[in-house]
Amino acid sequence: MAQIDHIGIAVKSLTAAKSIYEKLGLGVSSEETVEQERVRVVMVPVGESRLELLEATSEDSAIAKFIAKRGEGLHHVCLRVPNLTEAVARMKKDGVRLVSEQIKVGAGGHRYVFVHPSSAGGVLLELVEAQETQP
Ligand code: ZN
C-alpha cells in the first residue's frame, strides 16, 4: 500500500522557512546536504508524513531553477511504494515519463525516482521504496 512519504517545498532560505514550523511547535530536523541534488534539506515530521524543505546550494540545482521560474512553493509530492523496481518497470511499459531512467540512491541508501509532471497531472511525483524493517 502506498503512503505519502513527504511533501517537498522549495524555499530560498531554510532558516526563514522553518521558523513557521518551529513557532507551531513542530520538531524540525537538523540541516542535511544532499550533494547529488545540490540541495540542503530539513525534515518536519507531521503525523505519519513529513514536510521536506529544500534550499538550493548551487545555481544549477533543480530547486534554484524552480524558484527562478515559479518562486518558492510546493515542489513535489513523494509516495512510498512497496516495490520501486516493479513500479518503475510497470510505468516504463505504460510510457510514463520519468525525470531520469535510472533509480537513484540517496543519502542513507534509500532508492528513489521522479515521475515527470507531464505524466502526473502537473505534479512532480517522487517515488521511494518502503524500507523493510530488518528481521
Ligand atoms: Zn523529496
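These legends describe close-up views of a predicted model.

**View 1. The zinc ion and its protein donors.** Four residues supply the donors: His 6 (NE2), Glu 52 (OE), His 76 (NE2) and Glu 126 (OE). They lie 2.0 to 2.3 Å from the zinc ion. Along the chain, the donors follow the spacing H-x45-E-x23-H-x49-E. His 6 sits in strand β1 (residues 3–10) and Glu 52 in strand β4 (residues 49–56). This pair is 46 residues apart and links distant parts of the chain. Both His 6 and Glu 52 are buried.

**View 2. The geometry of the zinc site.** The angles among the four donor atoms run from 86 to 173 degrees. The site is irregular. A tetrahedral site would need all angles between 85 and 135 degrees.

**View 3. The two sides of helix α1.** Helix α1 covers residues 14–23. Its residues Leu 14, Ala 17, Lys 18 and Tyr 21 are buried. Seen down the axis of α1, the buried residues fall within an arc of 90 degrees, so they line one face of the helix. Thr 15, Ala 16 and Lys 23 are on the other side and are exposed. The cover over the buried residues includes β1, β3 (39–46) and β4.

**View 4. The ends of α1.** Ser 13 caps the N-terminal end. One of its side-chain oxygens lies 3.3 Å from the backbone nitrogen of Thr 15. Gly 25 follows the helix. The phi of Gly 25 is positive, near 85 degrees.

**View 5. The salt bridge between Asp 5 and Arg 50.** The closest N and O atoms of this pair are 2.6 Å apart. Asp 5 lies in strand β1 and Arg 50 in strand β4, so the salt bridge ties together parts that are 45 residues apart in sequence. Asp 5 is buried, with a relative accessible area of 9%. Arg 50 is partly exposed, at 30% relative accessibility. A search of the whole structure finds 10 salt bridges.

**View 6. A network of salt bridges.** Lys 18, Glu 31, Arg 40 and Glu 55 are linked here. Lys 18 pairs with Glu 31, with the closest N and O atoms 3.5 Å apart. Lys 18 is in helix α1, while Glu 31 is in the loop between α1 and β2 (32–34). The two are 13 residues apart. Glu 31 also forms a salt bridge with Arg 40, where the closest N and O atoms are 2.3 Å apart. Lys 18 counts as buried, at 16% relative accessibility. Glu 31 is partly exposed at 31%, and Arg 40 is partly exposed at 25%.

Note on methods. Residues numbered from 1 in each chain as written. Predicted model: local features only at pLDDT ≥ 70, side-chain atom pairs only at ≥ 80, totals over all residues. Heavy atoms only, no water. Donors = N, O, S within 2.8 Å, 3.2 Å for Na, K, Ca; no water. Tetrahedral: all angles 85-135°; square planar, octahedral: opposite > 155°, others 65-115°. Helix = DSSP H or I, 4+ residues; strand = E, 2+ residues; numbered from the N terminus. Buried < 20%, exposed > 50% of the residue type's maximum accessible area, 1.4 Å probe, protein only. Arc of directions from axis to C-beta. Contact = heavy atoms within 4.5 Å. Polar contact = N/O pair within 3.5 Å; in protein donor to acceptor, adjacent residues only side chain to side chain. Salt bridge = Lys/Arg side-chain N within 4 Å of Asp/Glu carboxyl O.
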